[in-house]
Amino acid sequence: MRTLEEKILNEGQVFEGNVLKVSSFLNQQLDTAFLKEMGAEIARLYGDCGVNKILTVEASGIAIAIAAAFIMNVPVVFAKKGKAKNLSDKTYSAEVKSFTKGVVNTISVDREYITSEDKLLIIDDFLADGNALRGLLSIAKDAGAKVIGTAVAIEKGFQGGGDALRNEGVRVESLAIVDEMTDSGIKFRQQN
Ligand code: 5GP
């Protein structure tokens with residue numbers, strides 16, 4: 001998405017440890033008009049694929065998931081972070097190493113919200129090493145749900161998580177792919 005690339009160039013800040021900060025529109029302040037545009041693009045990519053539910057993870061995935069869900073007219077389920085006590089038989093869960101915080105979080109979804117009937121689109125804000133998407137894919141698998149594909153706003157292609165998933169046959173759609181990110185600039189991957 002050309003407009004997302006421009007927004008990253010204009011508003012993004014590169015931090016040590018390969019962290020791209022886009023808090024002005026995606027991670028703290030939410031640019032609702034722009035979220036709507038990103039949601040529309042995801043809805044265009046997955047519009048005729050039979051998706052009946054979107055799965056994401058709190059907190060930063062929720063806004064873009066909802067933006068797409070409004071247009072696709074489907075519900076959003078978000079995995080919660082942190083261990084719920086004595087709920088292991090009532091939830092599907094996965095361990096996810098947080099890229100930005102370095103800690104391992106348990107993420108979980110109540111079993112009643114994902115079933116083997118579901119055809120899921122998995123959405124997140126960023127894709128780096130791929131741990132968050134893999135955690136969500138694992139939850140979907142445990143529930144017996146079909147995963148139609150995944151979508152993220154920003155993939156950091158140089159970290160390899162997205163291409164590893166593509167090589168395993170997972171459909172990964174990224175609205176922008178950053179292939180290089182240094183003090184002197186950001187380079188994007190050309191996408192069709
Ligand atoms: P992964 O699990 O693919 O390594 O990283 C994706 C998750 O880490 C996303 O849920 C996102 O919240 C966070 N993340 C990874 N890289 C960045 C980044 O450069 N900037 C921001 N704001 N979040 C990131």
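**Figure 1. Charge distribution in the predicted model of the protein.** The protein carries 23 positive and 26 negative charges. The mean position of the positive charges lies 4 Å from the mean position of the negative charges. The accessible surface of this predicted model amounts to about 9,900 Å², and carbon and sulfur atoms contribute 47% of that surface.

**Figure 2. The overall fold of the protein, with 6 helices and 10 strands.** Measuring along the principal axes, the C-alpha trace extends over about 50 × 35 × 35 Å. The radius of gyration of the protein is 16 Å, which agrees with the value near 16 Å for a compact globule of 192 residues. Of these 192 residues, 46% count as buried. Among contacts with a separation of 6 or more, 60% are between residues at least 24 positions apart.

**Figure 3. The aromatic pair of the protein, F25 and F34.** The count of aromatic pairs in the protein is 1. The ring centres of F25 and F34 are 5.9 Å apart and the ring planes stand at 85°, so the pair is edge-to-face; the angle exceeds the limit of 60 degrees for that class. Both partners are covered: F25 is buried, with a relative accessible area of 1%, and F34 is buried as well, with 7%.

**Figure 4. The surroundings of E5 in helix 1.** Helix 1 comprises residues 2-11 and includes E5. The relative accessible area of E5 is 11%, so E5 counts as buried, the limit being under 20%. Apart from neighbours within four places in sequence, the residues in contact with E5 are A176, F188 and R189.

**Figure 5. The surroundings of T56 in strand 3.** T56 belongs to strand 3, which runs over residues 53-57. With a relative accessibility of 0%, T56 is classed as buried. When neighbours within four places in sequence are left aside, T56 is in contact with G61, I62, A65, V76, V77, F78, A79, I123, D124 and L136.

**Figure 6. T56 and D125, two residues 69 positions apart along the chain.** The C-alpha atoms of T56 and D125 are separated by 9.1 Å. The contacts of T56 include I123 and D124. T56 itself is buried and forms part of strand 3.

Notes:
Residues are numbered from 1 along each chain as its sequence is written. This is a predicted model: local features need pLDDT of at least 70, side-chain atom pairs count only at pLDDT 80 or more; totals for chains, interfaces and linings use all residues. Side-chain values use heavy atoms; hydrogens and water are left out. Helices (H or I, at least four residues) and strands (E, at least two) are DSSP runs, numbered from the N terminus. The radius of gyration is taken over C-alpha atoms; the globule rule is 2.2 Å times the number of residues to the power 0.38. Buried means under 20% relative accessible area, exposed over 50%, partly exposed in between (1.4 Å probe, protein chains only). Contact means heavy atoms within 4.5 Å. Accessible areas come from the Shrake-Rupley method with a 1.4 Å probe; for residues, only the protein chains shown count as cover. Lys and Arg count as positive and Asp and Glu as negative; His and the chain ends are not counted. The place of a charge is taken as NZ of Lys, CZ of Arg, CG of Asp or CD of Glu. Rings of Phe, Tyr and Trp (its six-membered ring) pair if their centres lie within 6.5 Å; planes under 30 degrees apart count as stacked, over 60 as edge-to-face and the rest as tilted.
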